[in-house]
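Me: I would like to learn how to read a structure like this one, beginning with a single helix and working outwards to the sheet and the cores. Could you take me through the features in turn?

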Amino acid sequence: MACSKRIHPHLAREIEADAEGIDFEKRLGPWKIPSRPAFLRAAHQRRIAARHRPDVALLWNRMGENWRAVRAVGGARCIYWDRGSSWLPGEEGAKRRLLDSVGGALANSNASRRMLELRWGYTGEIRLCRNALRPNMVPAESMPRHFPDADVLHIGVAARLESIKGVVLAVHALHALNARGVAAHLHIAGTGAEEATVAELIETLGLGDRVTLHGLVRNMSAFYATVDCLLHLALREPFGAVAVEAMVHGCPVVASNVDGLPEIVVHGECGRVVQPELGLSEYRALGGRIQDLPEYVYDPGTDSIREPRAVAPEAAADAVQALFRDAATYERMSASGIRRAREVFSYEGHAACVMDAVTRFHRTGRLGG
């Protein structure tokens, strides 16, 4: 049952080949069902559930909205699959009702599991099925990188240009590197609401010839081939697929020590993680917007939730320099990242975990694992 008005053309063939039926929760044929009065969409979902009588309903993210699906199907047959919704504010009542009713939950990272438990007080069974590499992002062969011998380090950023991704911090980190006499160039792949803010900061810091704004990049494999490492200084990241994608292409990663990122980037093994220590007022002074940030993030170091913090640009610059201190360390991290990305975050393993949990739940009422 899709929440949109159409199936994305990249997925349509696969879904239509396997699906017994496809329904749209907000549409009845060509007509959109209005959101008010609320009972119209709720009644439509009940009709869909009555027609298909699912053994298991897997509720993808959207914790608050999926409360309607729980009422339609019955909580005993529902598994909630958290992929970041537990970080988001709003719809508190609906979210708690959903978690009080479902038979179990899947989490795509340990951070997701702990957010459900620490923020929402969820005491039901949770199975960890780590997120995976998108199959179209896996090269046929991954080759470990040789230590870059060029005079300029090429640093990549791949993210939506939104405040939560901390792209302004990467620009400041580049400025810090250049001030230390390190010749570096920043390549930014992505678009978003903060694009003008990032461009203005680049101009203010006099980095116009040291930064390339690539915009929307369709061939990310080619992008990773042009950079020597990935810098990902997000203030919140429930999983961090971009870090896995960089690693499978042999790019060591420097990432924030927040939420799910250190589950991907093992410090000293396939990159470096940097503790975010700047408060929100300091982040705003560096050009970041704080209005759209979540109330809480997960701190892996203390196993607790707290308000978001930002990585200090100088600390990020230190971590980048540490990556390139010697050839042996850099090349070992590149090879280790490839191995970890392919072995721990394979799509086949991810799908097998999810389907095993769903099958066990149907047969025994437990998720297993």
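Reply: Let us begin with helix H12, keeping in mind that the model is predicted. A residue is called buried when its relative accessible area is under 20%, and in H12 the residues that meet this cut-off are Pro313, Ala316, Ala317, Ala319, Val320, Ala322 and Leu323.

Me: What covers the buried residues of H12?

Reply: The cover includes strands S7, S10, S11 and S12 together with helices H6 and H13.

Me: Several of those are strands; in what order do the strands of the sheet run, and is the pairing parallel or antiparallel?

Reply: One reads a sheet by following its strands from one edge to the other, and here 6 strands form an open sheet in the order S9-S8-S7-S10-S11-S12, with parallel pairing. The edge strands, each pairing on one side only, are S9 (211-215) and S12 (271-274), and from one strand to the next the twist averages 20°. Helix H9 (residues 241-248) packs on this sheet, where it touches S7 (153-158), S10 (229-232) and S11 (253-256), and its direction makes about 170° with that of S10.

Me: How many bridges join S8 and S9?

Reply: Strand S8 (residues 184-189) pairs with S9 in the parallel sense over 4 bridges, and within this pair Ile188 stands opposite Leu213 in S9. Leaving aside neighbours within four places in sequence, the contacts of Ile188 include Val157, Leu161, Val171, Val198 and Leu213.

Me: Which residues touch the most other members of the largest nonpolar core?

Reply: A core is read from its members and from the elements that supply them. The largest nonpolar core has 45 residues, and those that touch the most other members are Ile155, Leu169, Val171, Leu186, Ile188 and Leu231. Among the elements that give two or more residues to this core are S7, S8, S10, H6 (167-179) and H12 (313-323), and H6 provides the largest share, 9 residues. A second, separate core has 32 residues, including Leu133, Val248, Val253 and Tyr298.

Me: How does the span of helix H2 compare with what is expected?

Reply: The span is taken from the first C-alpha to the last, and for H2 (residues 39-52), which has 14 residues, it reaches 20 Å, close to the 20 Å expected at 1.5 Å a residue. The buried residues of H2, among them Arg41, His44 and Ile48, pack against S1 (27-28), S2 (31-32) and helix H3 (67-73). Just after H2, Arg53 takes a positive phi of about 45°.

Note on methods. Residues numbered from 1 in each chain as written. Predicted model: local features only at pLDDT ≥ 70, side-chain atom pairs only at ≥ 80, totals over all residues. Heavy atoms only, no water. Pairing = 2+ DSSP bridges. Axes fitted to C-alpha atoms, helices over the stretch in contact; angles between N-to-C directions. Contact = heavy atoms within 4.5 Å. Core = buried A, V, L, I, M, F, W, Y, C linked by side-chain atoms within 4.5 Å. Buried < 20%, exposed > 50% of the residue type's maximum accessible area, 1.4 Å probe, protein only. Expected span 1.5 Å × (residues − 1).
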